[in-house]
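Biologist: I'd like a close look at just one part of this model, the place where the ligand sits. Could you walk me through what surrounds it?

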Amino acid sequence: MSLENDIQEAAELLRASRRTVVLTGAGISKESGVPTFRDALDGLWARYDPMQLATPEAFRRHPQLVWDFYEYRRSIMRPARPNSGHLALAALERALPEFCIITQNVDDLHEQAGSQQIIRLHGSINANKCFAACRGEPTSIDLHELQAAPDARPPACPHCGSLVRPAVVWFGEALPTDALRAAIAASAAADVMLIVGTSGVVQPAADLPIYAAQQGARLIEINPIRSELTPLVDRWLAGPSGVILPQIAAVLGIYA
Ligand code: OAD
Ligand code: ZN
């Protein structure tokens, strides 16, 4: 089967789908200049040890180091703009009946692209919260409203004096309950699940395609290389999402 045929078939599956779910990972933002985690040459975790930078223990031990790492990532994401893959997903949402994106990404490129139904499994890098969750989880903190010294890094929580941390999910932490529940329900109800740019190694996100498949969904994967999820899927479209997603949308006649 040629890629062209597979794209055609993926488009037909989407055309017939009443409930479509898209699971995205870092790969969809790569063409916007945001690095992935596990790509061998330029992934973040090829250069940095996640256990030293993305766990509550790491933050407790070296808050400054962890804060600086997130400031560095924010500086990369701030100028990033949605690529043709994000835009094609937003166009698909407008054209198809029920449609939602479940993302593991902490950037806001799906929102910027105009997608409406977005379930965030791993939080948002643009938001902050109290490390001690002093007013419940999450205790959101707006840094613009802080009176503290602007260069204090990381800043102190205005309620309890504990440290402020990025509102992302770290290794060893639970996912936001409501988001996870919504993601499981949407996956179990899906006719078609598109899996875009994820290595499929981080739980529980990587289980969502299994729930979808168990309930009869067809799975379509877009990724230039094989992932842990490739053996599960009905169609693997081998290529960058910024190229493949607009091609699918074009077959459906909703996007040039
Ligand atoms: P990974 O870095 O593990 O995987 C990125 C995937 O994107 C790989 O399978 C690549 O082959 C693929 N990819 C690369 N370029 C692509 C392109 N142009 N188009 C489509 N796919 C492309 O990222 P995630 O699977 O998102 O967790 O990682 C999952 C979680 O692990 C992240 O959310 C983060 C990380 O630790 C937390 O922060 C909690
Ligand atoms: Zn606090």
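**Around ligand 1**

Modeller: Sure, let's start with one contact: a backbone N or O atom of serine 241 lies 2.9 Å from a nitrogen atom of ligand 1. Keep in mind as you look that this is a predicted model. The protein wraps up a good share of the ligand's surface, covering 94% of the 800 Å² of accessible area that ligand 1 has on its own.

Now for two more contacts, both to oxygen. Glutamine 104 also uses a backbone N or O atom, which lies 3.1 Å from an oxygen atom of ligand 1. With tryptophan 45, it's a polar side-chain atom that lies 3.1 Å from an oxygen atom of the ligand.

Let's widen the view to the whole shell. There are 23 residues around ligand 1, and the closest are Phe37, Arg38, Thr198, Ser199 and Asn223. Sort the shell by type and you get nine nonpolar, ten polar and four charged residues. The space that ligand 1 takes up is the largest pocket.

So where does this shell come from along the chain? The protein chain is divided into domain 1 (1–33 + 82–122 + 174–256) and domain 2 (35–79 + 125–168). Where those two domains touch, the contact takes eleven residues from domain 1 and 13 residues from domain 2. Their centres, taken over C-alpha atoms, are separated by 28 Å. Back at the ligand, each of the two domains gives at least three residues to the shell around ligand 1.

Note on methods
Residues are numbered from 1 along each chain as its sequence is written. Chains are lettered from A and ligands numbered from 1 in the order in which they are written. This is a predicted model: local features need pLDDT of at least 70, side-chain atom pairs count only at pLDDT 80 or more; totals for chains, interfaces and linings use all residues. Side-chain values use heavy atoms; hydrogens and water are left out. A residue is near a molecule or strand if one of its heavy atoms lies within 4 Å of it. A polar contact is a pair of N or O atoms within 3.5 Å; within protein, one must be able to donate a hydrogen and the other to accept it, and residues adjacent in sequence count only if both atoms are side-chain atoms. Accessible areas come from the Shrake-Rupley method with a 1.4 Å probe; for residues, only the protein chains shown count as cover. On a 1 Å grid over the protein atoms alone, a cavity is a set of points where a 1.4 Å probe fits but cannot get out, and a pocket is an open set with protein on both sides within 12 Å along at least five of seven lines; lining residues have an atom within 4 Å of a point. A molecule sits in a cavity or pocket if more than half of its atoms lie within 2 Å of its grid points. Ala, Val, Leu, Ile, Met, Phe, Trp, Tyr, Cys and Pro count as nonpolar, Asp, Glu, Lys and Arg as charged, and the others, Gly among them, as polar. Domain bounds come from an automatic or database domain assignment. Contact means heavy atoms within 4.5 Å.
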